[in-house]
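Biologist: I'm new to this one. Can you walk me through it?
Modeller: Sure. Here it is.

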Amino acid sequence: MLLWTAIHGSHGIAAAIPREPIAVQIAAGAGVSVFLFRRFLTFLGTLVGASVVVFLVLEVLPGDPALIMLGTEAQADTLAALRKKLGLERPPLERYFDWIGGLVTGSLGMSHTYSVPVANLILERLQVTVPLAAMAITLSTALALALGLYAAARHNRPGDYGVMAFAQLGIAIPGFWFAILLVLLFAVVLGWFSAGGFPGWGDGFWPGFKSLILPASALALAQAAILSRVTRSSVLEVMREDYVRTARAKGLTRRRTLIRHVLRNALIPVVTIMGLQLSNLLTGTIIIESVFHLPGLGRLVFQAISQRDLPVVKDVVVLFAAMVVAINFLVDMLYAAIDPRLRLHDD
Amino acid sequence: MTTSGGWLARALRSGNFLIGAALSGTLALTALVSLFWTPKSATAISIPHRLTQPSGEFPLGTDHFGRDVLSMLMVGAQNSILVGVVAVGIGATLGIALGALASARRGWVEEVVMRLTDFSFAFPAILSAIMLTAILGPGTVNSIIAIGIFNIPLFARVTRGSANAIWAREFILAARAAGKGAFRITLEHVLPNIASVLIVQATIQFALAILAEAGLSYLGLGTQPPQPSWGRMLNEAQTMMFLAPRLAVFPGIAIALAVLGLNLLGDGLRDLFDPKLARKR
């Protein structure tokens, strides 16, 4: 909903922060701690709920996970051995608490296919996924701020329409198709980049960085499109505020007004949406890493499915879910920190 | 109040609405026609015709199995619409019911529903799809369920938010005074008044569902062979990229046009339903 209002023009999110009398500020202070506490409880509850769902779906619902992993043609003694190895003979509740305990202390299960601890696999794969996501968010933010500001400055003129058309297209084009087109142009036709793969960070920074440029661009497209719309509508809204007119009236130049008054206030919804987008970006890596054959977290979980490696699927899915929940929680906190009016009524 | 004539006149002047309606109409029509007729069979393999360039016989050429790309694209439209309609249908039905319930009952019911939606945001469509395919295997039905589940909280939130605003209005008070119960008020007054918001939301979600389905099929988690789907056509095209790069272009254009059309239609409808907002932007 937040995303919706921010993209499609909201009412006053980006308005100036009002100066309240001291008494009101104190009352607001009490509200803040209640707000923070409630949000934190919700955050913990959501984490627990998500882990319960993952556990139910992947371990309890299928009846016999060992049968799923080995297939119906598996020998009875192989099945029995795997059940014993996974500890499936113990009651589900006990297994759940064991699993959660492992997640908290960092000792996850063993991968069935690779016969290595899942924790090692995840740590190794994060070295690809985290830089990839960071590059994508940097690129999309830079592009979106530039385009959004430009469009707002050229409101209702060709430049504005151009940016809006880019945004519509960027949202409509599937990231993985854009990725394929990038490979087609830069790897097949021009030969500037390789079509996929990751050399690792062992040979220095540049080879690894270079292999992530195309994937990060593909991930960034949709985010940049959405964020540029948010930036534009947010800047336009702030430019209509009285204090902007006052700033102009007291003799500030257009550029100074834009930088000192408009941009700062307009960034509030932009930062929020950026945070919300992060969770889309994270799950986007699952597809993009497959396009470029990058050995990241997304590719790990995807391969684990085809290999029916349920311990890996379970741990990586719960990690993704936890990251999404944590990001949403942090965005809530950030939002409340930026705009105090939102702390008092909890939507 | 606007008359229906005024609505139509504004619709015909709205570029977003017209382009969106034209693209979405083409998508629907293509899917409909492909039920009865395609230029060639979309599934028949013909090795002598493999990787044919576009020609009079094969307007968009053939793939590595000699299948006609145009016919595959046409049948693929069916698949996208099927997934979109059913997944958004599931999400809208359950989500609107939950949201309306939360808004009508308030108190702990609302709290429970809202916390449930919070919590399902932890599972973006692709994550639920991955869990479902891990235990049930890949397939169209599983991707529909995954995308549908993802849609429920979105609709629940939008419904509850808009319905709460309606419940505060005076005509609701009048309806209560007339002795109507919460269920009747919801059906007769609340839902008709928020229908426009929900229609716009459904259009946008439809577009997102098409994107999600394409992504899942690309990964091989969605629609399975031999049923043609745009996402899987792109996956197969990627392996042929050095031999026939054009194969990687057409399905992507189809997806982008379908999504663009639905998004523009959603934007156009919102402007038409809420002229104040349209002027403001």
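Biologist: How many helices and strands does chain A have?
Modeller: Chain A has 14 helices and zero strands. Keep in mind that this is a predicted model.

Biologist: What pattern does chain A follow along the sequence?
Modeller: It reads α-α-α-α-α-α-α-α-α-α-α-α-α-α.

Biologist: And what share of chain A is buried?
Modeller: Of the 347 residues in chain A, 46% are buried. The accessible surface of chain A is about 16200 Å². Carbon and sulfur atoms account for 67% of that surface.

Biologist: What about contacts within chain A, how many join residues at least 24 apart?
Modeller: 74%, counting contacts between residues at least 6 apart in sequence.

Biologist: New topic. How many residues does each chain bring to the contact?
Modeller: Chain B brings 47 residues and chain A brings 50 residues. The area buried between them is about 4400 Å². Carbon and sulfur atoms give 75% of it.

Biologist: How many salt bridges are there between chain B and chain A?
Modeller: Two salt bridges. One pairs the side chains of B:Glu111 and A:Arg38, at 3.4 Å from N to O. There are also five residue pairs in polar contact between the chains, both residues at pLDDT 80 or more.

Biologist: Which elements of chain B touch chain A?
Modeller: Those giving two or more residues include helix 4 (107–120), helix 8 (182–219) and helix 10 (250–273) of chain B. Helix 10 of chain B gives the most, with 10 residues.

Biologist: How do the residues on that side of chain B divide?
Modeller: Into 32 nonpolar, seven polar and eight charged.

Technical notes. Residues are numbered from 1 along each chain as its sequence is written. Chains are lettered from A and ligands numbered from 1 in the order in which they are written. This is a predicted model: local features need pLDDT of at least 70, side-chain atom pairs count only at pLDDT 80 or more; totals for chains, interfaces and linings use all residues. Side-chain values use heavy atoms; hydrogens and water are left out. Contact means heavy atoms within 4.5 Å. Buried area is the accessible area (1.4 Å probe) that two parts lose on being put together, summed over both. A salt bridge is a side-chain nitrogen of Lys or Arg within 4 Å of a carboxyl oxygen of Asp or Glu. A polar contact is a pair of N or O atoms within 3.5 Å; within protein, one must be able to donate a hydrogen and the other to accept it, and residues adjacent in sequence count only if both atoms are side-chain atoms. Helices (H or I, at least four residues) and strands (E, at least two) are DSSP runs, numbered from the N terminus. Ala, Val, Leu, Ile, Met, Phe, Trp, Tyr, Cys and Pro count as nonpolar, Asp, Glu, Lys and Arg as charged, and the others, Gly among them, as polar. Buried means under 20% relative accessible area, exposed over 50%, partly exposed in between (1.4 Å probe, protein chains only). Accessible areas come from the Shrake-Rupley method with a 1.4 Å probe; for residues, only the protein chains shown count as cover.
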